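User: Hi! I'd like a close look at the salt bridges in this model, please, with a word on the sheet afterwards.

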Amino acid sequence: TMIPATAFTLFTFGPSNPTTFAESQRILAEIRIPHHCRIDRWFAPVDGFQIAWAALGIALLWRTRLFLVLLLAATIGLALSLIQYENGSQTLALLFPWRVSAVLVPVATAVIMARLAVWLSGGTAGSRVATALAGLVMLTLVVGGVVVMTARLGYRTPDTERELYEYVRNHSEPNNVYLLPIGFPAVGTGRGTASSTFTPPPRPKPGSNLIPVDLQRFRLLTGTPIYVDFKSVPYRDTEMIEWHRRVRQCEAWYDANWLDTDRVQELRSEGITHVVIPATKPLIAEYLEEVHADPVYRVYRLK
């Protein structure tokens, strides 16, 4: 069953040529997701605890049929991770050999909890304690899941973008392409990237290695094409290089003088019809017409 998926991946995302493929891998591993690809960036004390936890779970499976299977998976994952750390292979980094922990840690948790339950249920009183504890854990998980969903605490995005989305959705026309204020966050710096799953949306502050979530829902909520964004990336090597060029170009446009007479031709040559600007930085240019303004964003149409 893996052959069709593997063949599709190889034929679809195979190298155009060695140089282009190597550069696309560098961009993906060093610029887009170094916090996933570089061990020196993502490894933290909690990861060391997970390794020990997985090792304990595997040890508790001694003399069972699962022991050898999980031990082999853990050994291969650890060996390939160490090899990647030693030689810095970007191809191996993008295979994420350490991601086997996504299987090992949950299995280890189930094994450890099962052994703990058996130990607690050694007598009648212990059995009652184990049952009550299991029920309390399940109830806590259910209540927590309901609270996260109803209160929208997970993967929060800014509500301040709603007016912009409503305008674009209601006024979108064929061939519209929007330019958004997108740039490279400092994901290539610092130690690790803190989880923002249950925190307020990270703001794009200078020097922060959090990936800002601003305008990530633009295409889904408006149904309108954009020039580029940071979150969504292609994986074919030539398209990855084009993505990198567009983000760099986007940064240059927003950092430069919009009154430059060559700017309008640059925008039109890229197929851009509308420009989104933070409301705190309004534009005045002969070739731009303001068509929408809200407390957070303004939209300009190329005349």
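To begin with, is Glu30 buried, partly exposed or exposed?

Analyst: Happy to help! This is a predicted model, in which local features need pLDDT of at least 70 and side-chain atom pairs count only at pLDDT 80 or more, while totals for chains, interfaces and linings use all residues. Residues are numbered from 1 along each chain as its sequence is written, and side-chain values use heavy atoms, with hydrogens and water left out.

Glu30 is partly exposed, with a relative accessible area of 30%; buried means under 20% relative accessible area, exposed over 50%, and partly exposed in between, with a 1.4 Å probe and protein chains only. The side chain of Glu30 meets that of Arg38 in a salt bridge, 3.3 Å from N to O. Here a salt bridge is a side-chain nitrogen of Lys or Arg within 4 Å of a carboxyl oxygen of Asp or Glu. Arg38 is likewise partly exposed, at a relative accessible area of 27%. By this rule the count comes to 12 salt bridges. Side chains of opposite charge can pair when their charged atoms come close.

Helix H12 (residues 237-255) offers further examples. Helices (H or I, at least four residues) and strands (E, at least two) are DSSP runs, numbered from the N terminus. In H12, Glu242 and Arg245 lie three residues apart, about one turn of the helix, and their closest N and O atoms are 2.9 Å apart in a salt bridge. Glu242 also forms a salt bridge with Arg246, at 2.8 Å between the closest N and O atoms; Arg246 and Glu242 are four residues apart in H12, again about one turn. Relative accessibility is 28% for Glu242, 33% for Arg245 and 27% for Arg246, and each of these values counts as partly exposed. A network of salt bridges links Glu242, Arg245 and Arg246 with Glu270.

Now for the sheet. Four strands form an open sheet in the order S1-S2-S4-S3, with mixed pairing; two strands pair if DSSP finds at least two bridges between them. Strand S1 (178-179) and strand S3 (288-293) are at the edges with a single partner strand each, so one side of each has no neighbour in the sheet. S3 pairs with strand S4 (residues 297-302) in the antiparallel sense over five bridges, and Ala293 stands opposite Arg298 in S4.
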